[in-house]
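Please open the model in a viewer and keep the selection panel at hand. The stops below follow one another, each naming what to select and what is found there.

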Amino acid sequence: MDVKQEELLLLDDVVRRTVANPTASHCWHQMIQILRRQAHPALSLQLEQFLLLNVEGNGLAGFYRATFLDMLTGRPEYLQQAGQIILTLQPLDTDRLITFLQNSWQRVLLDTPGRDAFRLRLLELALPQITALLNQCIWQTLQPAQVLKDRPLTDIRKVALIAPLLTNIKHPPTLMALQQADSLRQNGYEVALFSAQEMLGPDFKHFLGSHSFMSDPEFVTAGWERYLGQGGQFVTGDVRFSMMQRWKSLLHQMAQFDPDLVMSIGLYSGLAAALYPVRPVLSLGINSLSPMLPADVWLTAQQDLHATVTAQWGKAFPPSQAHYHPYRLHQPDVPEQLERATLGLAKNQSVLLTLVSESEARITGEWAASMLAILAAFPDTVWLIVGGNGAMPTALQSAKTGQVRCIAFCSDALKYMTCSDIYINPPMLGGGFAVAEAMSLGLPALSMQGSDGGDKLGRAAMTSMAGYFQTLQLWLSQPDIRKSVGLAMQEHFHQHLDLARAAPGLKIACELALQRFQIRMAAQTS
């Protein structure tokens with residue numbers, strides 16, 4: 001028996017075992033492992049139809065089926081089914097809820113072109129209802145008003161900074177939290193950093209049928225003292241315990257710190273939600289949207305939202321006030337100039353650069369086809385794509401040899417900006433940090449409006465795909481113009497994005513959160 005026949009026999013066997021025991025996560029995961037080695041469209045379609053006929057579409061079995069079929073087909077309806085089913089599962093499992101929440105928003109981030117599409121997908125997945133359900137469970141179980149002191153809050157001295165996950169300084173959300181800690185300390189606040197490590201846990205690999213989970217990250221605190229100060233306080237949850245136990249433990253440790261204000265970084269944190277009934281909450285998202293969290297004030301990079309008071313996610317959360325605060329990045333340390341000769345590039349060639357972790361998912365469709373047309377029209381142009389495993393995206397296979405160079409992820413990717421002429425951000429929600437880094441170095445950047453990258457560019461963000469490629473052609477044909485644009489973007493970075501300027505605006509936002517907290521507390525007692 002050859003290998004392929006044996007694999008298919010194994011798949012047939014595990015499919016039958018899964019149908020016999022559809023609430024056993026390991027059976028679904030074994031199917032995933034085999035399909036990753038042997039998948040082809042006809043087999044996937046056959047398996048999809050078989051499972052739809054032979055596994056119930058509700059309860060835990062239906063949830064495993066939906067998350068498995070999402071991974072198998074990539075079609076949006078299955079993750080939407082999973083979101084509706086998980087709301088009905090009893091007994092309520094906060095670990096499964098938080099695992100689905102954190103995995104699903106990152107899952108759909110891969111294939112959404114901008115903020116509006118991303119927001120719509122999160123609504124379709126019922127994530128606001130899931131977080132509201134989590135919050136009610138947290139408040140009822142932990143009783144935060146009985147843990148933290150009930151005392152008058154008239155000024156801010158101590159801030160509890162909360163992140164869903166902390167790993168190491170190379171992890172952008174971790175670095176973002178540390179940088180916010182530094183800005184808070186510049187205002188004279190005492191800061192303690194807390195994380196329940198909400199993407200990790202004792203059973204987190206088994207809560208989804210898709211076998212999607214975060215590999216155990218490298219937890220390294222080297223370099224944190226730069227942002228927290230020598231002896232800076234940080235506390236992380238023990239991932240051997242359930243989420244509720246971690247939230248409970250950290251809540252009691254936070255009570256010892258006794259903060260005057262809570263600042264949350266990220267889409268959602270159960271620990272931050274736990275504090276909302278008893279402390280002012282200031283929130284900052286990492287992907288342009290309002291965090292899915294009850295908060296008094298949230299920090300937005302969209303100037304047109306400044307001072308608006310709305311419930312951004314509908315009835316799931318009380319209204320919060322938006323405060324314009326675009327500062328997101330310190331001026332990066334400029335690496336030593338990477339000489340083009342090192343890469344075999346001539347001085348007269350135009351070099352485009354893209355930093356992207358999932359090039360296969362991001363570089364697709366009409367946008368990729370238009371990029372190929374640009375390369376054909378400008379044969380002396382080379383496009384460097386840095387990230388992932390360095391594989392050539394399928395959509396670019398027809399590019400002229402040597403015009404597209406794919407380079408595997410490296411920790412010093414910033415060096416490629418020093419030998420590039422234009423930074424290219426694909427039409428996606430993310431990529432904002434890379435766009436900002438390019439701007440800081442005077443490298444002109446292209447990104448679509450309504451995205452993290454577009455928010456960094458402000459008025460320079462592209463409003464249409466036609467304008468995007470017209471601008472790219474202009475920059476390629478007119479080096480003086482692109483140099484002038486790059487200098488203007490560099491100035492924009494210093495004025496509106498550089499965290500060195502963030503402290504005054506952050507203090508205003510903290511004080512606003514305190515004022516709004518005082519108003520809502522007064523309303524409860526009147």
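Begin with helix H15 in this predicted model: select Gly432, Ala434, Val435, Ala436, Ala438, Met439 and Ser440, which are the buried residues of H15. The helix spans residues 432–440 and is mostly covered, with 7 of its 9 residues buried. To see what covers these buried residues, add strand E9 (350–355), strand E12 (422–424), strand E13 (445–446), helix H16 (452–457) and helix H18 (479–496), against which they pack. Just after H15, select Gly442, where phi is positive, at about 75°.

**The five-stranded sheet**

Next, display the open sheet of 5 strands, ordered E11-E10-E9-E12-E13 with parallel pairing. Its edges are strand E11 (404–407) and E13, each of which pairs on one side only. Within this sheet, select E9 together with strand E10 (residues 381–386); the two pair in the parallel sense over 6 bridges. Here Leu352 is placed opposite Trp383 of E10. Then add helix H14 (residues 365–377), which lies across E9, E10, E11 and E12 and runs at about 145° to E10.

**The eight-stranded sheet**

Move to the other open sheet, in which 8 strands follow the order E3-E2-E1-E4-E5-E6-E8-E7 and the pairing is mixed. Strand E3 (233–236) and strand E7 (309–310) are at the edges; each has a single partner strand, so one side of each lacks a neighbour in the sheet.

Select E5 (residues 281–284) next. Which way do its side chains point? Val281 and Ser283 point one way from E5, Leu282 and Leu284 point the other way, and all are buried. One partner is strand E4 (residues 261–265), which pairs with E5 in the parallel sense over 4 bridges; in E5, Ser283 is the bridge partner of Ser264. Strand E6 (residues 297–300) also pairs with E5 in the parallel sense, over 3 bridges, and Leu282 stands opposite Val297 in E6.

From the edge strand E3, step back to Gly229, located in the loop between helix H10 (225–228) and E3. Is this glycine buried or exposed? Gly229 has a relative accessible area of 12%, under the 20% limit, and is therefore buried. Select Asp182 as well: its C-alpha atom is 8.3 Å from that of Gly229, although the two residues are 47 apart along the chain.

**The nonpolar cores**

Now select Phe100, Leu122, Leu127, Phe194 and Trp247, the residues with the most contacts inside the largest nonpolar core, which has 57 residues. Helix H11 (residues 243–257) supplies the largest share of this core, 8 residues. A second, separate core of 54 residues includes Ala368, Tyr416, Ile422 and Ala436.

Centre the view on Leu127. Leaving aside neighbours within four places in sequence, Leu127 is in contact with Phe100, Leu101, Ser104, Trp105, Leu122 and Met292.

**A helix pair**

For the last stop, select helix H4 (residues 59–73) and helix H6 (residues 94–109), whose axes come within 13 Å and cross at roughly 20°. H4 and H6 are therefore roughly parallel to each other, and H4 passes H6 in a left-handed crossing. Show the side chains where they meet: Leu60, Phe63, Tyr64, Thr67 and Asp70 in H4 face Arg96, Phe100 and Arg107 in H6 as contacts. Phe100 was already selected, among the residues with the most contacts inside the largest nonpolar core.

Technical notes
Residues numbered from 1 in each chain as written. Predicted model: local features only at pLDDT ≥ 70, side-chain atom pairs only at ≥ 80, totals over all residues. Heavy atoms only, no water. Pairing = 2+ DSSP bridges. Core = buried A, V, L, I, M, F, W, Y, C linked by side-chain atoms within 4.5 Å. Buried < 20%, exposed > 50% of the residue type's maximum accessible area, 1.4 Å probe, protein only. Contact = heavy atoms within 4.5 Å. Axes fitted to C-alpha atoms, helices over the stretch in contact; angles between N-to-C directions. Parallel < 35°, antiparallel > 145°, perpendicular 65-115°, else oblique. Left-handed = near helix turned anticlockwise from the far one by under 90°.
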